[in-house]
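Let's take a walk through this model together, one stop at a time. Keep the structure open as you read.

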Amino acid sequence: METIKKDGFNLVRQTDGPDLGYSPTSGVKIIEVDGKAFKSFDGSDTLLPYEDWRLPMEERAADLASRLSVDEIAGLMLYSIQNKLPMPNDTYGGKPFAESSMKAYDLSDAQIKFLTDDNLRHVLVSTVESPETAARWNNKVQALIEGRTHGIPANNSSDPRHSAFADAEFSPGSDGSISLWSNMLGLAATFSPETVEEFGRIAREEYRALGLATALSPQADLGTDPRWYRYSSTFGPEPRLVTDLTRAYADGFQTDPTAGGWGNGSVNAMVKHWPGGGSGEGGRDAHYGNGKFAVYPGGCYEQHKIPFLEGAFKLTGGTKKASAVMPYYTISYNQTDENVGNGFNREIISHQLREEAGYDGVVCTDWGVLKDGDKTWGVEALSQPERFEKMLEVGIDQIGGDFFTDDGNSGVALYAKDKGDDEALARVRDSARRVCTFM
């Protein structure tokens, strides 16, 4: 094996194992076991199971989850707001960016805080100054946290960013320096899963080059109402076509062709919006209170789930299923015994998704469902800790757009008060296991 010094990091190359990149300032130690190199994140000479790249990822994730404190798990269960590079309204070393002499790829004060103080590891990235900015920023993020919280890296993610209409509301971040494609409805017009999978493969390579490891896509909602302003982000209304294209999209993003499944080039696909967000009352959207009800005309509730059950959860590639699912804000009106937002609905998440569909991947809420004034449809009367507790009860793993550990800890504390400390710890460690496997 040999160690090569790069710009800001070292790279250990070995013939019978993966390349290991690490920051020389992070405190991470490279140790040799059985003639192979491993990272020791605590600086000891002991190889822990989660550090052993020879073990299955599920075994490593379970071992790591068992070592995490509640504070550390709370950080893993939270997901940042959108981060622009540079951040226009944040400070850099206490000064506005324009006055700071910092580069666009330097970390803002808020980013440093939520990465270090709040143990947050899931960062949503939107607009970037350039692809180089995104890559350098990612390296700075990873170097900052590599020696903290058991070496858990940042999992940077993006909403769709390849649309030729780069200023569209739900395709932020394209700066014109990556490939530009039709929106999803345009891709659907090809009637070609092969074309969609090719897009996924190309986008996957570009995501990884930008330092992005998770795609908050595909949008598998059936576009059953053309009045919906997110209709053009769907694959259309035909369940069989949407199923095939959803499967192709997720396979393209997740399958590393050199590995035949999960590999260094893979990008997680977070399919959305379970159990189908395209049936808002009157074509209105659940980002707004007047569109909070999903009404499923014609009794077609089960039909909207088909692209998930037969597409995203039955991939043809080696990764087998989309690694994460996002429920929508909507209240699936009178489909269960409680009219609450899908992310708070026990029947929809715990029973239909976890039990009936057998889904054990990460379930992450849409952005902004926790705080007063957010899209807390159906649970407006609950306190913020009570909303967090309810999401724990129904099987949610991550809260989108909330990145303060105190929010997570208050919800876990309430759960522990009601259920007991042991059950609360077991519950959040189950989410930590899923999140660590996802990462």
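Start with R354 and D397, whose side chains meet in a salt bridge, 2.6 Å from N to O. This pair ties together distant parts of the chain: R354 sits in helix α11 (residues 346–356), D397 is in the loop between α12 and α13 (405–419), and the two positions lie 43 residues apart in sequence. Are these two residues buried or exposed? R354 is buried, and so is D397. Nor do they stand alone, as a network of salt bridges links R354, D360, D397, D430, R433 and R434. Remember as you look that this is a predicted model.

The loop that holds D397 lies between α12 and α13, and a little further along the chain comes G400, a partner of T365. The side chain of T365 reaches the backbone nitrogen of G400 at 2.9 Å. T365 itself belongs to the loop between β16 (362–363) and α12 (384–394). With a relative accessible area of 2%, T365 falls under the 20% cut-off and therefore counts as buried. Leaving out residues up to four places away in sequence, T365 touches M326, P327, M391, I396, Q398, I399 and G400.

Back to charges for a moment. Side chains of opposite charge can pair when their charged atoms come close. How many salt bridges does the structure hold? The count is 29. Take D45 and K29, with their closest N and O atoms 2.4 Å apart. They too link distant parts of the chain, with D45 in the loop between β5 and α1 (57–66) and K29 in strand β4 (residues 29–33), 16 residues apart. Here the setting is more open: D45 counts as exposed at 59% relative accessibility, while K29 is partly exposed at 31%. Another pair to pick out is D63 and R67, where the closest N and O atoms are 3.0 Å apart. D63 counts as buried at 14% relative accessibility, whereas R67, at 33%, counts as partly exposed.

Now for a lysine that is tucked away. K36 lies in strand β5 (residues 36–40), and its relative accessible area is 18%, so it counts as buried. What does the side chain of K36 make a polar contact with? The partner is the side chain of D16, at 3.4 Å. If you set aside neighbours within four places in sequence, K36 is in contact with M1, Q14, D16, I31, W53 and R54.

Next, helix α4 (residues 109–116). Its buried residues are Q111, F114, L115 and T116. An α-helix has 3.6 residues a turn, so residues three or four places apart point the same way. Keep that in mind when you look at Q111, F114 and L115, which are among the buried residues of α4. What do the buried residues of α4 pack against? They pack against β6 (82–85), β9 (122–128) and α5 (131–145).

Follow β6 to its end and you'll meet a backbone feature. A cis peptide bond joins L85 and P86, with omega at about 5 degrees, and P86 is in the loop between β6 and β7 (91–92). There is a cis peptide bond between S217 and P218 as well, with omega at about 10 degrees. P218 is part of the loop between β11 (214–215) and α8 (239–254).

P218 brings us to F235, since the two are in contact. Apart from neighbours within four places in sequence, F235 also touches M184, L185, L187, A188, V196, Q219, L241, V242, L245, T246 and Y249. In soluble globular proteins, nonpolar side chains tend to be buried together. The largest nonpolar core here has 102 residues, and F235 and F313 touch the most other members.Two last stops are about backbone angles. H150 has a positive phi of about 60 degrees although it is not a glycine; look for H150 in the loop between α5 and β10 (155–158). F191 has a positive phi too, about 55 degrees, and is likewise not a glycine. F191 lies in the loop between α6 (184–188) and α7 (193–209). H150 is partly exposed, with a relative accessible area of 26%, and F191 counts as exposed at 63%.

Technical notes
Residues are numbered from 1 along each chain as its sequence is written. This is a predicted model: local features need pLDDT of at least 70, side-chain atom pairs count only at pLDDT 80 or more; totals for chains, interfaces and linings use all residues. Side-chain values use heavy atoms; hydrogens and water are left out. Buried means under 20% relative accessible area, exposed over 50%, partly exposed in between (1.4 Å probe, protein chains only). Helices (H or I, at least four residues) and strands (E, at least two) are DSSP runs, numbered from the N terminus. Contact means heavy atoms within 4.5 Å. A polar contact is a pair of N or O atoms within 3.5 Å; within protein, one must be able to donate a hydrogen and the other to accept it, and residues adjacent in sequence count only if both atoms are side-chain atoms. A nonpolar core is a set of buried Ala, Val, Leu, Ile, Met, Phe, Trp, Tyr and Cys residues joined through side-chain atoms within 4.5 Å. A salt bridge is a side-chain nitrogen of Lys or Arg within 4 Å of a carboxyl oxygen of Asp or Glu.
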